Each structure stands twice: as C-alpha cells, then as structure tokens.
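Q: Could you take me through this model step by step, beginning with the contacts of a single residue and working outwards from there?

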Amino acid sequence: MAPAQPPPVAPLFLLEGSPSTEDTAGEEEPAAAERQTRGLFQPAPKQPLPLILCTFQRPNFFQLRCYIFQALELSPRGTKSTADPVAHVSFVYVSQSTRVLPRTLDPLWDQTLLFHRVLLYGDPRGVQDEPPAVVVEVLDQDGGVWYPWLGGTHGCREHLCPSDALQGAGDFLGRSVCTPDVWLDVGLRRPPRLQRHPLRGSGRPAGELLAAFELLHDTEVRGCRGWFGGAPR
C-alpha cells in the first residue's frame, strides 16, 4: 500500500539529528495535526536509513619534488622599496618553506624541497590524470621574530633558515598555483625543466616564479641521493 501523502523529505535526508529534517518536521506539525483530526492522515511506513560508505582499495604514497629557483619582479608592500622574500610551498596536507633572502625583489633561492611519502587515496592513474595542485606563496618576512631555540639567530638576516621563516607573520606578496608532472614509472621519467609561473597578489600581477614540480609514485622512487642540490636548468 502506498501512503496517501508522500513524505515531505527524501529518504536520504531522513537522518537522525539532521537540522533540515528537524526544521521541516516543525513546520509540518500544524498541518499534520489538522489532517489527522479530519481522518485524512495515514502515517507513512518507516523506511531503512541509507548507508553512506566510501572505501578505497589501498592508499598510495608519492614523493613530491619542488625545484624553487627564482622569483622575478616582486612588488613590495606599501612604501617599501625592497623585501625579504621566502617561498612557502603547500601540497594537500603538507608544507615547507625555503630560506629567507634579505633585501631583494628577485630572490635566487636555487633550492629543492622534498616531500617524502605523501599519502594520496584512489587510483594512481587518477592522480596522473588530475594531479593535486602545488600552491606557492611568496611572503615578505621582513625580519620577523627569531627564536634561537629553533635554530634562529636574533637579528641575523643573512640566509635565514626555513624554521625561522615560519615564526613571523610575513606580508603576502604573491601566489601561484602550479601543476606537477606525475610519473608512475620512473623508467619513463624525463628530467623537469624550469617553467615560468605567474604570481598573483591582491587581484593584480605580482611577478613570476621560475620553478619545476614533479610527483613520483613512491614505490618507483629510487636513488634519492643527489636531489638535495639546486634546481634543474
């Protein structure tokens, strides 16, 4: 037998404690009471709650290699004529920073950042077809506040280490969203080439970033030694 009146909410949303169902039930109470007094209301049969489940066959580990070479023509904030740039690289749930270079608008980092065993779910071929974005933000550290117990030196502004770079707030200079080259088979891998990535800051162009990014399936990563040097040319 079918109910005389269809349920006001689809079965998918009839979850216990759902705010939407509670609000709907409150709105329908007067009308339901009126129909019941007239003998027109027939309660709908209870339906089983839907089971929402998402499973993955197995996780996959990747290694991200970021070759941060140089930023060009950065725009300082306010009335400043120079900056102390640092590049902060974010990828899914991990991040790292380059060292801070003082008093320059064309910082030459020539630095490689390695992200080991980054966990990504799903088919590796899906990662190759639609790789996660690598976000690079360039900040003006401007000295900040240095903590000696973290490896910093108070007042030292020459080639500050990445741990120092994260202590100050930093002024935002520009952001670039980059796509890494994905290699599931290292035997087919080709060395990456530096590319120009535009930087955007506060709705306007903010310079360029010379960098290269590649994402390797962790089971295929071999011979990581030697990759801690400078960026490829």
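A: This is a predicted model, and a reasonable place to start is Ile68, which, with neighbours within four places in sequence left aside, is in contact with Ala87, Val89, Thr98, Trp109, Asp110, Gln111, Leu209, Leu210, Ala211 and Phe213.

Q: Which residues touch the most other members of the largest nonpolar core, and which strands supply at least two residues of this core?

A: In soluble globular proteins, nonpolar side chains tend to be buried together. Here the largest nonpolar core has 29 residues, and Cys66 and Ile68 touch the most other members. At least two residues of this core come from each of β1 (60-72), β2 (85-91), β4, β5 (134-140), β6 (171-178) and β9 (204-217).

Q: How many of the 13 residues of β1 are buried, and which way does β1 run relative to β4?

A: For burial, the relative accessible area is read against a cut-off, under 20% in this case. Twelve of the 13 residues of β1 are buried, so this strand is largely enclosed by the rest of the structure. As for pairing, β1 and β4 run antiparallel and are joined by nine bridges, with Tyr67 having Thr112 of β4 as its bridge partner. Between β1 and β9, which also run antiparallel, there are ten bridges, and Gln63 has Leu216 of β9 as its bridge partner.

Q: What should I make of the sign of phi in β4, and where does a positive value occur in a residue other than glycine?

A: Most residues other than glycine have a negative phi. Asp110 has a phi near 45 degrees, a positive value, and this residue is placed in strand β4, residues 108-120. Arg117 has a phi near 50 degrees, again positive, and also lies in β4.

Q: Why are Asp110 and Arg117 classed as partly exposed?

A: Partly exposed covers the range between the buried limit of 20% and the exposed limit of 50%. Asp110 is partly exposed because its relative accessible area is 27%, and Arg117 is partly exposed because its value is 47%.

Q: Is Ala83, in the loop between β1 and β2, buried or exposed, and which residues does Ala83 touch?

A: A loop position has to be checked in the same manner, by accessibility and then by contacts. Ala83 counts as buried because its relative accessibility is 1%. Not counting residues up to four places away in sequence, Ala83 touches Leu101, Pro102, Arg103, Thr104, Leu105, Asp140 and Leu173. The C-alpha atoms of Ala83 and Asp142 are separated by 6.5 Å, although these residues are 59 residues apart along the chain.

Conventions: Residues are numbered from 1 along each chain as its sequence is written. This is a predicted model: local features need pLDDT of at least 70, side-chain atom pairs count only at pLDDT 80 or more; totals for chains, interfaces and linings use all residues. Side-chain values use heavy atoms; hydrogens and water are left out. Helices (H or I, at least four residues) and strands (E, at least two) are DSSP runs, numbered from the N terminus. Buried means under 20% relative accessible area, exposed over 50%, partly exposed in between (1.4 Å probe, protein chains only). A nonpolar core is a set of buried Ala, Val, Leu, Ile, Met, Phe, Trp, Tyr and Cys residues joined through side-chain atoms within 4.5 Å. Contact means heavy atoms within 4.5 Å. Two strands pair if DSSP finds at least two bridges between them.
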